[in-house]
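Me: I am new to this structure and would like to understand the terms used for it. Could you take my questions one at a time?

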Amino acid sequence: MAEIDDWRNALAETGELQPEIVTAILSAHGDRGQRAIEAVSERRVKRYRDFTVVVGYEEEYVVEDGGCDCKDSQYNLDPADPGQQCWHALAVDIADRLGAVDEHDMWYSDVREFM
């Protein structure tokens, strides 16, 4: 757990994805970390009035209080282990610390109706 806290603290302190922070994220989270970094760099983390949403390759995923509604979170991760997160939740953590969340002053529930 210290490794996970370390990259989070370093990222919050620097506000940028430095090589050693990227290495720490990948070491702690593997492919999930890579996908999260890609989502942040592509500005696919969006915050609405009611939810934070990560745009995936096929769907959008709601991330709330560190949890996600994706199948990876539901079936593959141990809910008792706070160090395990899907790449959507990781992307929100990273984007928050970088100030890279795409903010929308509207309700996601209203936007979802048009999709």
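Me: What makes R8 and D93 a salt bridge?

Reply: A salt bridge is a side-chain nitrogen of Lys or Arg within 4 Å of a carboxyl oxygen of Asp or Glu. For R8 and D93 the N to O distance is 2.6 Å, so the pair fits the rule. This is a predicted model, in which local features need pLDDT of at least 70 and side-chain atom pairs count only at pLDDT 80 or more, while totals for chains, interfaces and linings use all residues. Residues are numbered from 1 along each chain as its sequence is written, and side-chain values use heavy atoms, with hydrogens and water left out.

Me: Why is this pair said to link distant parts of the chain?

Reply: R8 sits in helix 1 (residues 2-14) and D93 in helix 4, and they are 85 residues apart. Helices (H or I, at least four residues) and strands (E, at least two) are DSSP runs, numbered from the N terminus.

Me: How do you know whether R8 and D93 are buried or exposed?

Reply: Buried means under 20% relative accessible area, exposed over 50%, and partly exposed in between, with a 1.4 Å probe and protein chains only. R8 has 11%, so R8 is buried. D93, at 15%, counts as buried too.

Me: How many salt bridges does the structure hold?

Reply: There are seven. One of them joins R44 to E42, with the closest N and O atoms 2.8 Å apart. R44 is buried at 9% relative accessibility, whereas E42 is partly exposed at 46%. Another joins D105 to R49, where the closest N and O atoms are 2.9 Å apart. D105 lies in the loop between strand 5 (102-103) and helix 5, and R49 in the loop between strand 1 and strand 2, so this pair ties together parts 56 residues apart in sequence. D105 counts as exposed at 63%, and R49 as partly exposed at 45%. In addition, R47, D96 and E103 are linked in a network of salt bridges.

Me: What makes R44 lie over the face of Y57?

Reply: A charge sits over a ring if NZ of Lys or CZ of Arg is within 6 Å of the ring centre and within 35 degrees of the ring normal. R44 is at 4.8 Å from the ring centre of Y57 and lies over its face.

Me: Why is the aromatic pair of Y48 and Y108 called tilted?

Reply: Rings of Phe, Tyr and Trp (its six-membered ring) pair if their centres lie within 6.5 Å; planes under 30 degrees apart count as stacked, over 60 as edge-to-face and the rest as tilted. By this rule the count comes to three aromatic pairs. Y48 and Y108 are 5.1 Å centre to centre with 50° between the planes, so the pair is tilted. Y48 lies in the loop between strand 1 (45-47) and strand 2 (52-55), and Y108 in helix 5 (residues 108-112), so the pair ties together parts 60 residues apart in sequence. Y48 is buried at 10%, and Y108 is buried at 5%.

Me: How do you know that the pair of Y57 and W87 is tilted?

Reply: Their ring centres are 6.2 Å apart and their planes are at 35°, so this pair is tilted. Y57 counts as exposed at 51% relative accessibility, while W87 counts as buried at 5%.
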